[in-house]
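Work through the exercises below with the structure open beside you. Try each task before reading its solution.

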Amino acid sequence: MHNNDKLLEISKLVFELTMVGSTDNDLDVLLEQLFGVLQKLPTLRIQSKGAILMFSPRSKPVRVAQYGLKPFWATDEEHDELHDFNHPFNDQATLATITPKATAYGQHQPNLQQVCILPLYANQQPLGQVLLFSAPNWVPTNNELEFLTDLSHALSSIVSRFLLNATLRLREIELEDARTEAIRRLGTASEYRDNETGMHVMRMTNIAGAIAKAMGLGDEQREILYITAPMHDVGKIGIADAILLKPERLTSDEFDIMKTHTEIGGRLLKGSDALIATARDIALCHHENWDGSGYPQGIKTTEIPILARICSIADVFDALMSNRPYKDAWTLEKTVQYIKTESGKKFDPAAVTAFEKALPEILRIRELYREDVIDPAEIVNLPELPVRKTRWICWDESLSVGIAVIDEHHRYLFDLVNDLIDVVANKMGARELGRVLKALGQYAQIHFQAEERMMQQYNYPRLDIQITQHQHFLTRMREFNEELHQNPLIAQFEILVYLRDWLVAHIRDEDTQLCALV
């Protein structure tokens, strides 16, 4: 390859790749475009297979994109051609050999594979490597190596821009999240006044989400519901403790005062912001009835905002199923029958139908966010949930710890990890990644606290070890959140691998010993 030809091809390549980078931060698309151009250069004996590795804060190479290879979550370690690949960084294009894994006696020994490694760097610091699989017997000329080194400079600029764009987008999301977090915290703060653990607001919010999903509401509307549902009782901040915390049933006059919490909530949440307006609708209208007999305005049917109608069922269901100072918890059968009987009177008939459809998930939510100390001998009979298509880490009976409630918690953690892999695999973006990661971290904390309360209640001898491991996990999750802000292209993949390895190892090595409590 002559110098003029080399410069011309580099110019063409940079232009084509820049066009990709101007509209998308998808490194898989970048690789696809790169191989599309390299195929036009037959003297470079590059195969249609490669990957982009980027260095983590611990200098470990993390695969963030691939072409012609299965992603690491779609293959096991034994068949992952790049598992544990780690080649010293060089500022020039170099060749390296991938040594195949040792095979069992009598099996065919696979051939060695050769890769061309292009360095990636930003601000004169190593950023990562591009691996291009090449013909095993290819020996590039000096000109070809110079071309590939020049190509690495162009790729470094494009990947650096991808990283900058992803980081800026994350900053924008952080500002939006700060606003939504303030709304959530205000709703939770109001709940703590009359509920020691605050679990009601978590259960009610998740139950409302399950009903909304069964009604067919879109992702965006359900996300707004998840943010604003905790505000349903924010007006209780304005109710005197003598009434709010009264252990007996309220008198008629006291109940009239209690009902004003809806109007107080409406006044607290005045504003033109879309989230605040939705929170106001829920706080003001979640005690309105479908037939117009509710309060404070007496509106009816579709005059009641749909999210308030959904929250009404979720709130009543959880309240009836829970112990209160003035009443015992109702049975499931009695509670479900009441909600069905009130269809078309107190509740929106469509929301009641959705409630019945979502009941298996709702019962699971009740179990996952419970307030009492777990009884190791308790038997849990929950309806089967539909099996989801994407399974990256799979629950099996070998992971059972012999305590039904804990097993259910672990299955839910597996679901959240699989949700996370769905987000990454389907490239749903930083917003959805942050949402699932936050949900995972929040639930892990709830699960750990429930486990530790049980261990303390039953004098479990390894409690201190469990607490240490739980704290290490939560610390690591906080570190991943920080790293996500520094390099979102890498952190999301590191999180996945850590979660898969830690969760399975912790259950098998530590939690299975909890069976001693049964």
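Helices are DSSP runs of H or I with at least four residues, numbered from the N terminus. Keep in mind that this model is predicted.

**Exercise 1. In which helix is H447 found, and which side chain does the side chain of H447 meet in a polar contact?**

Solution.
- Step 1: Locate the residue. H447 is in helix 15, which covers residues 430–457.
- Step 2: Check its accessibility. Buried means under 20% relative accessible area. H447 has 1% relative accessibility, so H447 counts as buried.
- Step 3: List the neighbours. Leaving out residues up to four places away in sequence, H447 touches I406, H409, H410 and L413.
- Step 4: Find the polar partner. The side chain of H447 makes a polar contact with the side chain of H410, at 3.4 Å.

**Exercise 2. What does the salt bridge between D26 and K427 tie together?**

Solution.
- Step 1: Find the distance. The side chains of D26 and K427 meet at 3.1 Å, N to O.
- Step 2: Place both ends. D26 lies in the loop between helix 1 (3–21) and helix 2 (27–38), and K427 in the loop between helix 14 (404–425) and helix 15, so the pair ties together parts that are 401 residues apart in sequence.
- Step 3: Compare accessibility. D26 is buried, with a relative accessible area of 14%. K427 is partly exposed, at 43%.

**Exercise 3. Where do D219 and R222 lie, and is D219 buried or exposed?**

Solution.
- Step 1: Place the pair. Both D219 and R222 lie in helix 5 (residues 219–228). They are 3 residues apart, about one turn of the helix.
- Step 2: Look at the bridge. The closest N and O atoms of D219 and R222 are 3.0 Å apart.
- Step 3: Apply the cut-off. Exposed means over 50%. D219 has a relative accessible area of 60%, so D219 is exposed. R222, at 21%, counts as partly exposed.

**Exercise 4. How many residues does the largest nonpolar core have, and which helix gives the largest share of this core?**

Solution.
- Step 1: Read the size. The largest nonpolar core has 120 residues. L27 and I52 have the most contacts inside this core.
- Step 2: Find the main contributor. Helix 17 (residues 488–509) gives the largest share, 12 residues.
- Step 3: Look around I52. Beyond its neighbours within four places in sequence, I52 contacts several residues, including L27, L30, V62 and L120.
- Step 4: Look for another core. A second, separate core has 11 residues, among them L69, L82, I117 and F133.

Technical notes: Residues numbered from 1 in each chain as written. Predicted model: local features only at pLDDT ≥ 70, side-chain atom pairs only at ≥ 80, totals over all residues. Heavy atoms only, no water. Core = buried A, V, L, I, M, F, W, Y, C linked by side-chain atoms within 4.5 Å. Buried < 20%, exposed > 50% of the residue type's maximum accessible area, 1.4 Å probe, protein only. Helix = DSSP H or I, 4+ residues; strand = E, 2+ residues; numbered from the N terminus. Contact = heavy atoms within 4.5 Å. Polar contact = N/O pair within 3.5 Å; in protein donor to acceptor, adjacent residues only side chain to side chain. Salt bridge = Lys/Arg side-chain N within 4 Å of Asp/Glu carboxyl O.
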